[in-house]
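Trainee: I am new to this structure and would like a close look at a single part of it. Please take the sheets, and then show what lies around them.

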Amino acid sequence: MPSFDRFDRRHYTTTSVPAGYGAWAPTYESTVEDCMDLALLNRIASVPWDGVTRAADLGCGSGRTASWLRTIGPFPIDGVDITPEMLQLARTRGVHDRLVHGDVRSTGLDTGAYDLVVCCLVDEHLPDLGPLYEEARRLLVPPATFVMVGFHPFFIMSTGMPTHFDSTDGDTLAIETHVHLLGEHMAAAGGTGFQASELHEQLVDDEFIRLKPSWEACRDWPFSYAWVWSLP
Ligand SMILES: C[S@@+](CC[C@H](N)C(=O)[O-])C[C@H]1O[C@@H](n2cnc3c(N)ncnc32)[C@H](O)[C@@H]1O
C-alpha cells in the first residue's frame, strides 16, 4: 500500500496515537463533526439493531459512537481505546458498560462475546488492517456484524491531509496516518470470513461546507466510508 508520505502536503509534525489524542482530547468533541461518521451510521440498512445483544466499540474515544448506538438499542457496549485521556472522556460520558485501556488489534475482550463490533475513525492510524479484522472476527459470534467507518483514502490522497488537530500551544499536529485502499479492506475482511453487506461513502456536501467553508474545492469528494461486514 502507498505510504502517506507520498501524499503529505501539510508536513505537520507527526505524533503517535496516544500522544496525539492525549493532547487533542480537551478539544476533540468540538472539532469532530457528526457528518463525518454518524451520518454514515444513519444510512446503514442491513444491520438488525433490534437483535443486538452486546457490542464492542473499538477505538471508542470520547464515546461519540457509543452515544449513537444508545439511540439504536439498549444493548450493553464495551469500549476499548489506547489513549487514557480519551477513555476518561468516555468514562465521564457514561454510555459504555465497560471501558478497557487497550489496542484495537488485541483488546483482551472475551472471544465470541459480541454480535456487533463497531470501529469508527480509527483504521487510518493502523499500518496494517489485517490484525484489526482478525480481532473483530475473534470477538464476534455469528450471526454478527462488523461496522467499520473510516477516513476515505481518496480524501487523504487527494488533499494530502493527515488526521490533525490544533494543540493548545497553537501548533497544528498530525497523528500517525496510513492510507488503506478499499481493496485492502476487502482482502483483510475476506481473509477472516466476513462478507460485505454494505459500503457507503460520505461526500463533502452542503453540511460539510457550512462547517468548513474552505472545503468548497473538495465538494462532492468522498470524505469517509462505512463498510458493513456480516458473519452469517
Ligand atoms: C478519531 S477518534 C474516534 C473516536 C470515536 N470512535 C469517535 O468516532 O469519535 C480515534 C480513536 O481511536 C483510538 N485509537 C487509535 N488507534 C488505536 C489502537 N491501535 N488501539 C486502540 N485505540 C486506538 C484513539 O486513541 C482515538 O481515541
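Mentor: What follows goes through the two sheets, the helices packed on them, and then the core and the ligand shell. Keep in mind throughout that this is a predicted model.

Start with the sheet of 7 strands. This sheet is open, and its strands come in the order 4-3-2-5-6-10-9 with mixed pairing. Strand 4 (98-101) and strand 9 (195-203) stand at the edges; each has a single partner strand, so one side of each is left without a neighbour in the sheet. From one strand to the next, the twist averages 15 degrees. At one end of the order, strand 9 is joined to strand 10 (residues 222-231) by 8 bridges, and the two run antiparallel. One pair to look up there is Q195, whose bridge partner in strand 10 is S230. Helix 4 packs on this sheet, where it touches strand 3 and strand 4, and its direction makes about 175 degrees with that of strand 4.

Now turn to the other sheet. Here 3 strands form an open sheet in the order 1-8-7, again with mixed pairing. Its edges are strand 1 (13-15) and strand 7 (164-166); each of these has a single partner strand, so one side of each is left without a neighbour in the sheet. The twist from one strand to the next averages 35 degrees. Strand 1 and strand 8 (residues 172-175) run parallel and are joined by 3 bridges. Within that pairing, T15 has I175 as its bridge partner in strand 8. Helix 1 packs on this sheet and touches strand 1, strand 7 and strand 8, with its direction at about 115 degrees to that of strand 8.

The helices named so far also meet each other. The axes of helix 1 (residues 17-31) and helix 4 (residues 84-93) come within 7 Å and cross at roughly 35 degrees. On the helix 1 side the residues are Y21, G22 and A25, and they meet E85, M86 and L89 of helix 4. Sorted by class, this contact has 4 nonpolar, 1 polar and 1 charged residues.

Helix 1 also has a part in the surroundings of the ligand. There are 23 residues around the ligand, of which G59, G61, R64, I82 and T83 come nearest. Helix 1, helix 3 (64-70) and strand 3 (77-81) are the elements that give two or more residues to this shell. By class, the shell has 12 nonpolar, 6 polar and 5 charged residues.

Helix 3 also holds W68. Is W68 buried or partly exposed? It takes 20 or more neighbours to count as buried; W68 has 18 C-beta neighbours inside 10 Å, so W68 counts as partly exposed. Leaving out residues up to four places away in sequence, W68 touches L38 and L41. The C-alpha atom of W68 is separated by 9.9 Å from that of D34, which is 34 residues away along the chain.

Last comes the interior. In soluble globular proteins, nonpolar side chains tend to be buried together. The largest nonpolar core in this model has 51 residues, and V117 and C119 have the most contacts inside it. Apart from its neighbours within four places in sequence, V117 is in contact with A56, L58, A136, L139, L140 and F146. A second core, separate from this one, has 7 residues, among them F151, I156, V204 and F208.

Definitions and conventions
Residues are numbered from 1 along each chain as its sequence is written. This is a predicted model: local features need pLDDT of at least 70, side-chain atom pairs count only at pLDDT 80 or more; totals for chains, interfaces and linings use all residues. A nonpolar core is a set of buried Ala, Val, Leu, Ile, Met, Phe, Trp, Tyr and Cys residues joined through C-beta atoms within 7 Å. A residue is buried if 20 or more other C-beta atoms lie within 10 Å of its own, exposed if 12 or fewer, and partly exposed in between; C-beta atoms are placed from the backbone. Two residues are in contact if their C-beta atoms, placed from the backbone, lie within 7 Å. Axes are lines fitted to C-alpha atoms, for helices over the stretch in contact, and angles run from 0 to 180 degrees between N-to-C directions. Helices (H or I, at least four residues) and strands (E, at least two) are DSSP runs, numbered from the N terminus. Ala, Val, Leu, Ile, Met, Phe, Trp, Tyr, Cys and Pro count as nonpolar, Asp, Glu, Lys and Arg as charged, and the others, Gly among them, as polar. A residue is near a molecule or strand if its C-beta atom, placed from the backbone, lies within 6 Å of it. Two strands pair if DSSP finds at least two bridges between them.
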